[in-house]
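This briefing describes one protein chain for readers at the bench. Please keep the sequence and the structure in view while reading.

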Amino acid sequence: MNLLQEAQKENLLGPLVVQLQKDFTRANISIRLPDDWETNPDGLQQMVLEKVYVLLLEDFDGYLNLMYAIDVPERDFKKITPTDIVAVAGQMSDLIIARELQKVRFKKNYGR
């Protein structure tokens, strides 16, 4: 089961989308997430992947700023095997979604 299916099963998909928007905005990066994310979580993942891909190619400083805003652990960066840009963008989008889901779960269980 992928992370977005887990989030959907736990009723955390809505808060995950809010968290994604919040952190992308905080990094000063615009992203338009699909309106049908509730019924098409794969489309959500595709949008994140496409945005990371564009950032890697066209705005590496923005990409680094996004990773800082999301707080993707450095140890996870180091596990990525650089093959081609599409594969790296896919792996990074998975890390982003995993970290954002971790934040949402933490807030649900312990916080605000």
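Asp-23 counts as buried, because its relative accessibility is 0% and the limit for that class is under 20%. The model in which this residue is seen is a predicted one. Its salt-bridge partner Arg-26, by contrast, is exposed, with a relative accessible area of 53%. The points below begin with this pair and then turn to the other salt bridges, to selected residues of helix H6 and to the chain as a whole.

**The pair Asp-23 and Arg-26**

- Arg-26 and Asp-23 form a salt bridge in which the closest N and O atoms lie 2.8 Å apart.
- Both residues belong to helix H2, which covers residues 13-26.
- Because they are three residues apart in that helix, about one helical turn separates Arg-26 from Asp-23.

**The pair Asp-71 and Arg-99**

- A salt bridge joins Asp-71 to Arg-99, with 3.1 Å between the closest N and O atoms.
- This pair links distant parts of the chain, the two residues being 28 residues apart.
- Asp-71 sits in the loop between helix H4 (60-70) and helix H5 (74-78), whereas Arg-99 is in helix H6.
- Asp-71 is partly exposed, at a relative accessible area of 44%.
- Arg-99 has a relative accessible area of 17% and therefore counts as buried, the limit being under 20%.

**A network with shared partners**

- Asp-23, Arg-26, Glu-100 and Lys-103 are joined into one network by salt bridges that share partners.
- Lys-103, a member of this network, is located in helix H6.
- The relative accessible area of Lys-103 is 13%, so this residue is buried.
- Apart from neighbours within four places in sequence, Lys-103 is in contact with Gln-19, Asp-23, Arg-26, Ala-69 and Ile-70.

**The pair Arg-105 and Glu-6**

- Arg-105 and Glu-6 form a further salt bridge, and their closest N and O atoms are 3.0 Å apart.
- Here too distant parts of the chain are linked: Arg-105 is in helix H6 (residues 85-110) and Glu-6 in helix H1 (residues 3-9), with their positions 99 residues apart in the count.
- Arg-105 is partly exposed, with a relative accessible area of 26%.
- Glu-6 is likewise partly exposed, with a value of 25%.
- The count of salt bridges comes to eight.

**Ile-97 and Ala-87 in helix H6**

- Ile-97 is a residue of helix H6.
- With a relative accessible area of 1%, Ile-97 is buried.
- When neighbours within four places in sequence are left aside, the contacts of Ile-97 are Leu-3, Leu-4, Leu-16 and Gln-45.
- For one of these contacts, Leu-4, the C-alpha separation from Ile-97 is 7.9 Å, although the two residues are 93 residues apart along the chain.
- Ala-87 also has its place in helix H6.
- Ala-87 counts as partly exposed, at 26% relative accessibility.
- The C-alpha atoms of Ala-87 and Ile-70 are separated by 20 Å, and these residues are 17 residues apart along the chain.

**Fold and dimensions**

- The chain contains six helices and zero strands.
- Along the sequence, the pattern reads α-α-α-α-α-α.
- The radius of gyration is 13 Å, close to the 13 Å given by the globule rule for 112 residues, so the chain is as compact as a globular protein of that length.
- Taken along the principal axes, the C-alpha atoms fill a box of roughly 35 × 25 × 25 Å.

**Packing, surface and charge**

- Of the 112 residues, 42% count as buried.
- Among contacts between residues at least 6 apart in sequence, 67% join residues at least 24 apart.
- The chain exposes about 6,800 Å², and carbon and sulfur atoms supply 52% of this area.
- There are 14 positive and 17 negative charges in the chain, and the mean positions of the two sets are 9 Å apart.

Key. Residues numbered from 1 in each chain as written. Predicted model: local features only at pLDDT ≥ 70, side-chain atom pairs only at ≥ 80, totals over all residues. Heavy atoms only, no water. Salt bridge = Lys/Arg side-chain N within 4 Å of Asp/Glu carboxyl O. Helix = DSSP H or I, 4+ residues; strand = E, 2+ residues; numbered from the N terminus. Buried < 20%, exposed > 50% of the residue type's maximum accessible area, 1.4 Å probe, protein only. Rg over C-alpha atoms; globule rule 2.2 N^0.38 Å. Contact = heavy atoms within 4.5 Å. Areas by Shrake-Rupley, 256 points an atom, 1.4 Å probe, with all protein chains shown as cover. Lys, Arg positive; Asp, Glu negative; His and termini not counted. Charge placed at Lys NZ, Arg CZ, Asp CG, Glu CD.
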